[in-house]
Structures are given as C-alpha cells and as structure tokens.
Amino acid sequence: MANVAVHKREPLVRIAKRDSMPLWQSILIRVLSIVLALVVCGVIIYMLIKVNPLEVYKSMVEGAFGAFKEDYKFFNRRTWITIRDTMMLLCIAVGLAPAFKMRFWNIGAEGQILVGGIATAACMIYLKNLPPVLLFICMIGASLLAGALWSLLPAVFKAKWNTNETLFTLMMNYVAIQLTSFFVALWENPFGSNTVGIINPTGKEGWFPPILGLDYLMNVIVVMTITVGMFIYLKYSKQGYEISVVGDSENTARYAGINVKKVIIRTMLISGAICGLSGFVAVSGASHTISVNTAGGKGFTAIIVAWLAKFNTFTMILISLLLVFLDKGAIEIASKYDLNDYVASMITGIILFFILGSEFFVNYRMIFRSKEKEVQ
Amino acid sequence: MENNIAVKLQNITKTFGKQVVANKDVTLDIRKGEILSLLGENGSGKTTLMNMLAGIYFPDSGHIFVDTDGNGLKEVSICSPKDAYELGIGMIHQHFKLVDVFTATENVALGLDKSIAFNKKQIALDIKAICDRYGFKVDPDKKVYNMSVSEKQTLEIVKALYRGANILILDEPTAVLTPQETDMLFDVMRNMKQDGKSIIIITHKLNEVLEISDRVSTLRKGEYVGTVDTADATVSSLTEMMVGQKVTLEIDRNEPVDSKERLIVKNLTCVNKYGVKALDDISFTAYGGEILGVAGISGSGQKELLEAIAGLQETVDGSSVEYVDPNTGTSSQLIGKTALQIKNMGVALSFVPEDRLGMGLVGSMGMSDNMMLRSYRKGFVFTERKGPKNLAQKVKDDLEVVTPSISTPVRKLSGGNVQKVLVGREIAAEPTVLMTAYAVRGLDVNTSYTIYGLLNQQKEKGVAVIYVGEDLDVLLALSDRILVLCDGKLNGIVDARTTTKEEIGLLMTHLREEENDNG
C-alpha cells in the first residue's frame, strides 16, 4: 500500500447530470448532432468514392423528394411515396407507444401488421361486392380485430403468469409469417407466381380512394387521426393515466386499486389493434397486395422511432420522417453512384449514432479539469 | 496532533446541478482508532460527503488528505472506489453492493487481482481469519440470496476489511437491523476500533450516537456545524446542533375521546408464497379516535396485516375484518372486497417501503399527477386535473414540501419530502381508518414531528389510526395502545401509557404461547 500513487490529478473529464435544459438548447444540440453526422458522412464518402459530399447529399434529398429539375414541384410522386412510408412507420410506432409506456415490450408489431394485412386482404378479396363504405368498415374492423387477437395471447400470459412478453411477441411474428405464406399460397394470382398480385386491379375495390386527386392523402388522414388520438389518450385519459402508473410501478398501481392485469391486457389489445390497422394501411393504402414482406422490418424500425420520440406521438412524426428520408436517400445514392447497399446502411448508421449520442449531451454535462466549462 | 489523524477533509464543496449544494466548504478530521458519528438531518449531505471519500463522487473543490502509511497526511485524489480501496477506505452503503447468486467468498473475490481471485480456498480462510479477529459470523459458502439483511451487511464489512480498509464508513447501518443485530454490530465496531481502525457511522438515531461513538460531527444543510466529544453530548444538545433550534422531544398525546369500534379483526390469517403463515390468527379491535401502535421486529407480519386490511393480500378462509361505518353505524365485511372498494369506504393505507417509492407513488410523475392516483377515476373518460393540482399545492404548502414545482417528478425529491407527499395525500382523502407503516422511516427529527402532528390531528378528528413503527420510543410516546406482533402472531396489546420499553421488547422477541407450551 505504501507505493500507491497517492497524488493523482483530478480526472480530466467528469460527467454530471443536468437538472434541466431550455428547450431551444436541447433542440440546438440535436440539430448540431445531425449536422455533425452529415459532415462525418461527407468525409467518409469523399475518402471512399471521391465524390463531392454535397452532391451526395443532394442526391439523398432528391431520392426522398424528387429530382430538382426546372419545373420542380415539392408534392411530386417521390415526395408522396416518402409521405406514405412515413405514415406507415408512424402508424406502427403510435401503436407501440401505449405498450411501451406501460413497459410492455411489444416487439411483435411485425406479426400484428401481417395479420392485420391478411384480414384486410381477405375483406378485399371476399367482400369486394359490398358498398365501399361498408367494405371499408369491414376492413378496418377486421384488421383491428386481427392485430388485437395476435397480441391477446402474449398479453394474457403476461398478466396471468408473468411470462416474458419480449420473447412471446417475437415468436408470434414467426407464426404470423407462416400464416401469411399460407394465405399467399391460397390466394395465389396468377397461378404459379407464388404471389397474390395486385388485388382488385380493375375495380380498385378496397383501395384507399384518392382525395383531391391525391393517392396518399387518405393515408395521411387515417394515420394523423390515430396519432392525435393516441396523444390525447395517453396524456389526458383515465386509461392513459393508468398505463403510466402501471408502467412506473405495479405495486403502486395495485395499491391505488388499479386492476393491473386488466390494464395490461387492455393496453396490449389497443397496441396490437393499431399495429393491425397499420397492416390495413399497408395493404389497402399502399401495396394493394399481401406478402411475407408486407411488414418488411418496419415493425422493428418503429421500435427505434418510439424510443427516440420518448413515446411522444408528435415527436414520432419527425423521427419517422427522418428514418424514411434516410432510407430513400440511401437507396438513391446507392443506385446513382453504383454503390452497394452497405454504403447506404453505413450512412444511416452514422446519422443514427449521432442522434442517439446527442441524447447524452442533453441529459448530462461534462466538466473538464480545473475550469468549469460546459460542453454541449 | 497531526499524527493521530487518519483522514482530513478540507473545504470540500460539492454541488449537483446549479441549485443543489450538497456540501459547502466542509472541513472534517477523522482520527485513528476512533468511532466518529456523522449526524445530520435528511439531505444535510452526510452521504454525499462520505461518497466523495469512497470515490463515488468527486468534489467540486477542496482537498482530501489521507494518512496511508502512518507517516502523516498526504493529499490524495480519489477518482473511483478502487482508488478509495487502495487508500484503505471502505464504505458500506445503505444498498448493499453484492451479487445475489454468488457465495460470500465469491463476493469478496469479485474485483480482486486475478492472481488470487480464483483461489477461493485461500480467500475463505482469510475471511475466517477476519471473522475470528473481530467477532463476525459469516458462512463463506452461503449464497447471498439466502442471507438475512444483517448477514449481508456483515459480509459487506468483511469485504471492506479483506481489501485492507483501515477507514470504514457505515451509511445508516442500523436502519435495517433488529435491536439484537444492532448490538452485535456495535460489538464488532468496538473490536475494530480496538484494532486501530477508524470508523465513521452515518446515523439519525441519537441514542446510538451516544452509545457507540467517541466523537460526533454534525452537518446541517450541507455545512459543517461542529464536532463534540460524545462524553459531553446529550440528546438535546445533539438535536440542537442538528436542527439548529430546540425541538421538543415530547410528542403531544391527548386522551382518546368518544372512541367507538371502527375495525374489528378476527382470526386473520395469511399465508405467504412459501406456504408459511405470515399472519397467524390475529384478532383485535381498532377504535376511532385512537392511535393503535403496531410493534414488532421487521418482518413479523406488519406488512401483511396492513395489506390484508387494505385488500391487497389474500387471506385464509375464516379471516374476518369488520368495518363499522362511523356515520351510519352499520358494519360490513372487508374480506372479499377489492382494494378499490375498501379504499372508497375510507380505509386508507400509506405504506412507506424501504425504497419509499415502490408503493403509493409514481416516481416519474410530479406531485400533481401523484395526487391524481386517488381521484383520477372522477370525470368521464378524461382525467380531472384541476383538483389534484390544487391538492398538490395545498400539500406542498401545508407540509412544507421542498420541490421546485408540483410537476417535478417525485423521484427527484429527497426521501423526507417524498414521504410528506405520500402521507399528505392519504390524509387529504379524509379517511376513517388511516394505516401508516414506517411513516417516519429515515426522516429527520423535524419532519418526523410534522408527521406525528398530522397523525394526532387525524386521531382528534375521530379517525382510527394504525401506526406501524420501528422506533419504540416513538411508539410509546405517540400511541394509545400498542399491538405487538411476534413471528406473525399477536403477542399482546398493551396500554402505551403504562407499559415499558422492556415489556414491549420482551413481547417482540419472546412468544408467550411458546413459553406456555414449554412450561
């Protein structure tokens, strides 16, 4: 013990938790992090392919919002596709919000989307002779019900026997994928193609109707309604309050006379139902077909959206848009500069890394040796 | 003089954020071979100060000097618990830092140099040597999850000693111990002192301070007040140093007036998850307008008793809890009703668990939203916010809750303030039965008296108060009658005005029936 270095210096950097931070400052940090991410990406891109990074970013924007030609209109086809995909992702994230807020890790959105999609497709195929309004009611009802049913099993098991919902919901995804394969085989069209093909291509029965001549405005209306509704539900309703209490402390909930099992099952049903509804939006409002790729990993991406937004459904809009934008932009540069998908994933990864990293600086401050200096 | 000082803290300041100054310009000496009590109210910065010595925090400014080799003080900087250990400083935290699935030996081995960490045989022998030297009892092969709280604490101390700690810091070590275990701990502490170790004990309990320590240093609101020799100190002089003003140690107690039967408990039996009877055939009556104290060694069935009455605990067939409505005089059976129904009848439970937040409060919500926990069912679909907000403001003002705002998450408040919020809310609901467990757990003297005052007010209003407490002195001063639980059985109900501490102590530890059986 005698030869221990007893006279050490103060550590170079110390980390302390922040009390709070003005809103503008936290926004500034987040914006800066994105700028910084773009700079880092730029350097790497230049090192790899010697292309002006600004050109690359321009291509990314073009990928998401259409090529900048002379007669450029913002609301062009590409922008609408971006909006459509954003809405899809947002819808799933909004569906996950109540479950996550309750600390019920529903990672079974993939499966819930698929069964919702199957239910929608079934309505489109078998009930296409119904009047449109009735058909839509059936599709919405069926997809909600399917998603809810798919989440019922893990919810009941969690409530009654406290099983691990993460594994349970995850495994339900694979069941849903197999189920989808079965229905794809059943509805195969044309025969031998191993796909369902576009459902009702001529009469467009069960397709989202264009509103004001815009194909995807309906998607926006449907999803935004749910988003606003969920925000109010979580923040101001009694059930939303119960979700917060159960999520924070089950003991407290029990003590306050809240029926914890009931809340778990109810919340999970809502979560599953909305994820099922995203299946409806995907099938009826976007692809007009069903396949095992209908969910396409969006159920998992939505988890990132929900977390980054801290379960605030309005923040989810921005995050969804950002992720979809990155995805579209990455695909564009991959094809334009003849790169493979990895470069695209790399750029997305770098940007996400910086965004997540910025949360650290929002919540903590760093104190450097000797002089008290805040670093943002 | 200099040579007998083991640690010197000089002008230590530590702040959290911009507003909270946990320690301000604290200067403190710890001598070799002494037991120093560090006394102070809640939030006076005792634990923070010691955490800086243990390497958990780093001071904003100030100097720490440690005598590592007997050659006098040297300035050091302690950046991590590892640094602290290298300087011979070991801290036993309130929340033990042990791995549950490891044995005692494995826990000691954890973090040791690789060359010896896997020589469990040798470590077990060393542990035994330490135990023999100071009088510990540790089974080296026992897994931590099988250990009692006292055993875990002992293991923590052994772990610190094994790593060569000469300066031991104990953070409120007796809060979780029974009186017997406390005595054992104090014996060991005296042995360690004899061996030349310096021991710092953080505590609120004045009688313990007087019993065990050589000197007492006091902090108040983060600032150093002074140090006195224990021989010169009395309960009231220490209290004065601690709170800065004289506090009457007497608790007012009025005779119960017009007491009527409120809660008639008969043959109440509960079985815990291991199939053991946590409550065994308990029968008693609680009256309106009186405070019924419940005494017992921790884990004797107090929690189960309150939870069974509140409808949170399954009971065995034949149990009966009859509630007499003070307004109508009609009686109804509580067993079989849900927690919510019982609550709505006016039976309130405020249980302060060890972690304070686990039951009754939602840590991530503000005071306002926590008030809503009782009333959120009012209104249609949407929660009503105005009432809870006003209530939160009222509780904040009435009980002097220190919080930046009523929307600040209660998790961020200090323990005492959290308890005020909890008790304040239960009282605000105007209950007819108020059950409270450990309401003053870990609270400083001033706040405790606020809570006693609140309970007395409720009693005068005709509420039947059931008070589960740990401190016998308080139980004796506050209650009208005291119900003593022993091992899940009702071991007697005594008149608090005439009984003695010894009588209750005996009832807590010796089951009368057993004595009868044996005799």
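Q: In this predicted model, what distance separates the centres of domain 1 and domain 2 of chain B?
A: Start with the bounds, since both domains come in two pieces: domain 1 of chain B takes in 2–97 + 164–243, and domain 2 takes in 290–299 + 338–518. Take the centre of each over its C-alpha atoms, and the separation comes out at 31 Å.

Q: Which helix of chain B meets α12(B) through residues such as B:Met371 and B:Ser375?
A: On the α12(B) side, B:Met367, B:Ser368, B:Met371, B:Met372 and B:Ser375 make the contact. Their partners include B:Pro388, B:Leu391, B:Ala392 and B:Val395. The residues of this contact split into seven nonpolar, three polar and two charged. The axes come within 8 Å and cross at roughly 115°, the crossing is right-handed, and the partner is helix α13 (residues 386–398) of chain B.

Q: How many of the nine residues of helix α12 of chain B are buried?
A: Helix α12 covers residues 367–375 and is mostly covered. Go through the buried ones and you get B:Met367, B:Ser368, B:Asp369, B:Asn370, B:Met371, B:Met372 and B:Leu373. That makes the count seven.

Q: Is B:Asp280 buried or exposed?
A: B:Asp280 sits in strand β12 (residues 277–287) of chain B. Setting aside neighbours within four places in sequence, B:Asp280 touches B:Thr269, B:Gly488 and B:Lys489. Because B:Asp280 has 20 C-beta neighbours inside 10 Å, and 20 or more is the cut-off, this residue counts as buried.

Q: Which residue, 209 places along the chain from B:Asp280, has its C-alpha atom 5.1 Å away?
A: Two of the contacts of B:Asp280 are B:Gly488 and B:Lys489. The one with the 5.1 Å C-alpha separation across 209 residues is B:Lys489.

Q: How many residues make up the largest nonpolar core?
A: Residues with the most contacts inside this core come from both chains, among them A:Cys91, A:Ile92, A:Val305, B:Ile309 and B:Val484. Take A:Ile92: beyond its neighbours within four places in sequence, A:Ile92 contacts A:Ala109, A:Ile113, A:Cys275, A:Ser278, A:Lys298, A:Gly299 and A:Ala302. There's also a second, separate core of 64 residues that includes B:Ile89, B:Leu206, B:Val209 and B:Met241. For the largest core, the size is 177 residues.

Q: What percentage of the residues of chain A count as buried?
A: Chain A has 13 helices and two strands, and its C-alpha atoms fill a box of roughly 85 × 65 × 40 Å along the principal axes. Among its contacts between residues at least 6 apart in sequence, 75% join residues at least 24 apart. Of the 376 residues in the chain, the buried share is 42%.

Q: Which residue forms a cis peptide bond with A:Asn189?
A: Look in the loop between α6 (165–186) and α7 (217–236) of chain A. The bond there has an omega of about -5°, and the partner of A:Asn189 is A:Pro190.

Q: A:Asn162 and A:Phe311 both have a positive phi without being glycine; which one is buried?
A: A:Asn162, with phi about 55°, lies in the loop between α5 (132–161) and α6 of chain A. Because A:Asn162 has 9 C-beta neighbours inside 10 Å, that residue counts as exposed. A:Phe311, with phi about 65°, belongs to the loop between α11 (298–308) and α12 (313–336) of chain A. With 22 C-beta neighbours inside 10 Å, the buried one is A:Phe311.

Methods
Residues numbered from 1 in each chain as written. Chains lettered and ligands numbered in written order. Predicted model: local features only at pLDDT ≥ 70, side-chain atom pairs only at ≥ 80, totals over all residues. Domains from an automatic or database assignment. Helix = DSSP H or I, 4+ residues; strand = E, 2+ residues; numbered from the N terminus. Buried ≥ 20, exposed ≤ 12 C-beta atoms within 10 Å, placed from the backbone. Contact = placed C-beta atoms within 7 Å. Axes fitted to C-alpha atoms, helices over the stretch in contact; angles between N-to-C directions. Left-handed = near helix turned anticlockwise from the far one by under 90°. Nonpolar A, V, L, I, M, F, W, Y, C, P; charged D, E, K, R; others polar. Core = buried A, V, L, I, M, F, W, Y, C linked by C-beta atoms within 7 Å.
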